[in-house]
Amino acid sequence: MQAEDIELVLDAEQRIYAFPWTRGNFEDSLASGYTARLMRDGNQLVGYAVMMLILDEAHLLNISIVSGRQQAGLGSLLLESMCEEARSLGAQRMVLEVRQSNVAGRAFYDRHGFAQIGVRTDYYPAEQGRESALVLEKIL
Ligand SMILES: CC(C)(COP(=O)(O)OP(=O)(O)OC[C@H]1O[C@@H](n2cnc3c(N)ncnc32)[C@H](O)[C@@H]1OP(=O)(O)O)[C@@H](O)C(=O)NCCC(=O)NCCS
């Protein structure tokens with residue numbers, strides 16, 4: 001992902017999430033040198049992911065498949081490639097947060113061998129108040 005891709009990514013992000021990342025979140029990620037990848041089918045954006053590496057830990061900050069292309073195996077391909085890249089950069093584990101109410105996301109990570117290691121109470125904004133995040137980990 002480059003600065004010129006942010007417009008397109010932001011448009012997808014806003015269609016996918018009730019509480020989307022802002023333009024600033026993507027700009028800051030690129031400015032910080034996080035690993036930010038696009039997944040394309042031809043010249044069409046179908047997904048993207050952002051990952052931060054700290055020593056031997058990779059933190060997956062965002063992984064998204066565009067609306068209309070979900071549940072067709074693309075997220076699995078993208079996640080596997082992020083795990084592979086993290087491993088090649090020296091990470092030994094991958095950590096992420098997922099909304100407690102995100103049933104599909106939780107099933108997705110479960111399927112990929114992530115296990116819960118904690119809870120961050122009231123981590124996310126929600127329709128009514130706040131919502132907790134489950135902290136998941138996968139040993140790479
Ligand atoms: C979560 C997400 C990245 C998964 O990518 P995807 O391409 O839709 O998922 P895949 O087709 O690779 O699914 C792999 C497995 O995940 C699980 N899964 C995925 N979507 C699911 C859903 N809607 N309901 C239940 N399980 C689901 C299933 O176990 C599935 O395996 P199966 O197809 O053999 O049943 C994608 O659906 C997405 O972007 N969702 C919205 C944003 C989001 O929630 N991101 C994660 C936030 S932490």
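How many residues sit between β5 and β6 in their hairpin, and which residue in the turn has a positive phi? Four residues, and the one in the turn is Gly129, with phi at about 80 degrees. Okay, hold on to that hairpin, we'll come back to it. One thing up front: what you're looking at is a predicted model.

Let's start with the whole chain. We've got 4 helices and 6 strands, and from the N terminus they come as α-α-β-β-β-α-β-α-β-β. The radius of gyration is 14 Å, close to the 14 Å from the globule rule for 140 residues, so the chain is as compact as a globular protein of that length. Along the principal axes, the C-alpha trace spans about 40 × 40 × 30 Å. As for burial, 24% of the 140 residues count as buried. And if you take contacts between residues at least 6 apart in sequence, 50% of them join residues at least 24 apart.

Now the sheet. The 6 strands make an open sheet, in the order β1-β2-β3-β4-β6-β5, with mixed pairing. At the edges you find β1, residues 35-41, and β5, residues 115-125, each of them pairing on one side only. On average, neighbouring strands here are turned by 25 degrees against each other, ignoring direction.

Let's walk across it, beginning with the β1 edge. β1 runs antiparallel to β2, residues 44-54, and 7 bridges join the two. If you want a register marker, Thr35 has Met51 in β2 as its bridge partner. The two strands form a hairpin with 2 residues between them, and in that turn Gly42 has a positive phi of about 65 degrees.

Carry on past β2 and you hit Leu55, in the loop between β2 and β3. Here's a small oddity: Leu55 has a positive phi, about 50 degrees, and it isn't a glycine. For context, most residues other than glycine have a negative phi. Is Leu55 buried or exposed? Exposed: it has 8 other C-beta atoms within 10 Å, and the cut-off for exposed is 12 or fewer.

Next comes Glu57, in strand β3. Glu57 is partly exposed, since 16 other C-beta atoms lie within 10 Å, which is between the exposed and buried limits. Setting aside its neighbours within four places in sequence, Glu57 contacts Ala91, Arg93 and Val95. There's also a nice long-range pair here: Glu57 and Glu137 are 80 residues apart along the chain, yet their C-alpha atoms are separated by 9.9 Å.

For a contrast, try Glu27, over in helix α2, residues 23-31. Its C-alpha is separated by 28 Å from that of Leu140, 113 residues away along the chain. Glu27 has 13 C-beta neighbours inside 10 Å, so it counts as partly exposed.

Back to the sheet, moving to the other side. β4, residues 93-99, pairs with β6, residues 130-139, in the antiparallel sense over 7 bridges. In that pairing, Val98 has Leu134 as its partner in β6. And β6 brings us back to the opening hairpin. β5 and β6 run antiparallel, joined by 7 bridges, and Pro125 stands opposite Arg130 in β6.

So what does the edge strand β5 look like in terms of burial? Of its 11 residues, the number buried is 0, so β5 lies largely in the open. One residue to click on in β5 is Asp122. Phi of Asp122 is near 55 degrees, another positive value in a residue other than glycine. Asp122 counts as exposed, because it has 11 C-beta neighbours inside 10 Å.

Last stop, the ligand. Which residues come nearest to it? Out of the 18 around the ligand, those are Gln70, Gly75, Ser76, Ala104 and Ala107. Three elements each supply at least two residues of the shell: β3 (57-65), α3 (74-88) and α4 (103-111). Of the elements, α4 gives the most, with 5 residues. By type, the shell divides into 9 nonpolar, 8 polar and 1 charged.

If you open the model afterwards, I'd look at two places: Leu55 in the loop between β2 and β3, and Asp122 in strand β5. That's it from me, thanks.

How values were computed
Residues numbered from 1 in each chain as written. Predicted model: local features only at pLDDT ≥ 70, side-chain atom pairs only at ≥ 80, totals over all residues. Near = placed C-beta within 6 Å. Nonpolar A, V, L, I, M, F, W, Y, C, P; charged D, E, K, R; others polar. Buried ≥ 20, exposed ≤ 12 C-beta atoms within 10 Å, placed from the backbone. Pairing = 2+ DSSP bridges. Axes fitted to C-alpha atoms, helices over the stretch in contact; angles between N-to-C directions. Rg over C-alpha atoms; globule rule 2.2 N^0.38 Å. Contact = placed C-beta atoms within 7 Å.
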